[in-house]
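Please find below a colleague's note on the structure shown here. It is arranged as numbered points for ease of reference.

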Amino acid sequence: LGGSKGDFDADTDMRTLERCEVEALSNLSQVLFAGGESQLGDAELLCSRALTIARKHFHDDDEVVLKLQCGLAHMKFTVSQLITIEATPKEMLVSHLKHREAIELYESVFEVRRRLFGMDNEDTKNVGSALARLRKMQKDPYSPYVTA
């Protein structure tokens, strides 16, 4: 155990700084995302960067990581939908890739939330619902289920 009180304070301060950095990147990505279509790529990159940092410093079942995964999944899904408007075949491939990435992120979050909080948890239900809609869209992109 041999650490001194100074080491604990340094570790705590570093963890606090890392959490602040992740939250700042996440907040900036949300501002860019809200800014509209022209800033979605930048928003996705910042959120992805925040997730990379969070995964390095926090457990995969940490709430920070789970929220970032959901945020990034939502951004990827939105970008995938916008790409399909008057899309070239190459853009359609990118759209399908982003859609699959969004599903994988939601699946990861859903499994962790289900394991930690159970199926009666409201956030677990919301993630499960989003995952079901994305899977449905993957099978039938013209499904009216998307708006439900």
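The points below concern a helix pair, the loop that joins it, and one further helix of this predicted model.

1. Packing of α3 and α4. The axes of helix α3 (residues 63-83) and helix α4 (residues 89-117) approach within 8 Å, and their crossing angle is roughly 155°. Because angles over 145 degrees count as roughly antiparallel, α3 is roughly antiparallel to α4. The crossing of these two helices is left-handed.

2. Composition of the contact. Where α3 meets α4, the contact residues comprise 14 nonpolar, seven polar and six charged.

3. The loop between α3 and α4. E86 is located in this loop. Although E86 is not a glycine, its phi is positive, at about 50°. The relative accessibility of E86 is 78%, and since the cut-off for exposed is over 50%, E86 counts as exposed.

4. Length of α5. Helix α5 (residues 122-139) has 18 residues, which at 1.5 Å a residue should span 26 Å. The C-alpha atoms at its ends are 26 Å apart, in agreement with that expectation.

5. Two sides of α5. Which residues of α5 are buried? They are T124, V127, A130, L131, L134 and M137. These residues lie on the same side of α5, because they cover an arc of only 155° around the axis. E122 and K139, on the other side of α5, are exposed.

Definitions and conventions
Residues are numbered from 1 along each chain as its sequence is written. This is a predicted model: local features need pLDDT of at least 70, side-chain atom pairs count only at pLDDT 80 or more; totals for chains, interfaces and linings use all residues. Side-chain values use heavy atoms; hydrogens and water are left out. Axes are lines fitted to C-alpha atoms, for helices over the stretch in contact, and angles run from 0 to 180 degrees between N-to-C directions. Helices (H or I, at least four residues) and strands (E, at least two) are DSSP runs, numbered from the N terminus. Angles under 35 degrees count as roughly parallel, over 145 as roughly antiparallel, 65 to 115 as roughly perpendicular and the rest as oblique. A crossing is left-handed if the near helix is turned anticlockwise from the far one by less than a right angle, and right-handed if clockwise. Ala, Val, Leu, Ile, Met, Phe, Trp, Tyr, Cys and Pro count as nonpolar, Asp, Glu, Lys and Arg as charged, and the others, Gly among them, as polar. The expected span of a helix is 1.5 Å times one less than its number of residues. Buried means under 20% relative accessible area, exposed over 50%, partly exposed in between (1.4 Å probe, protein chains only). The arc is that of the directions from the helix axis to the C-beta atoms.
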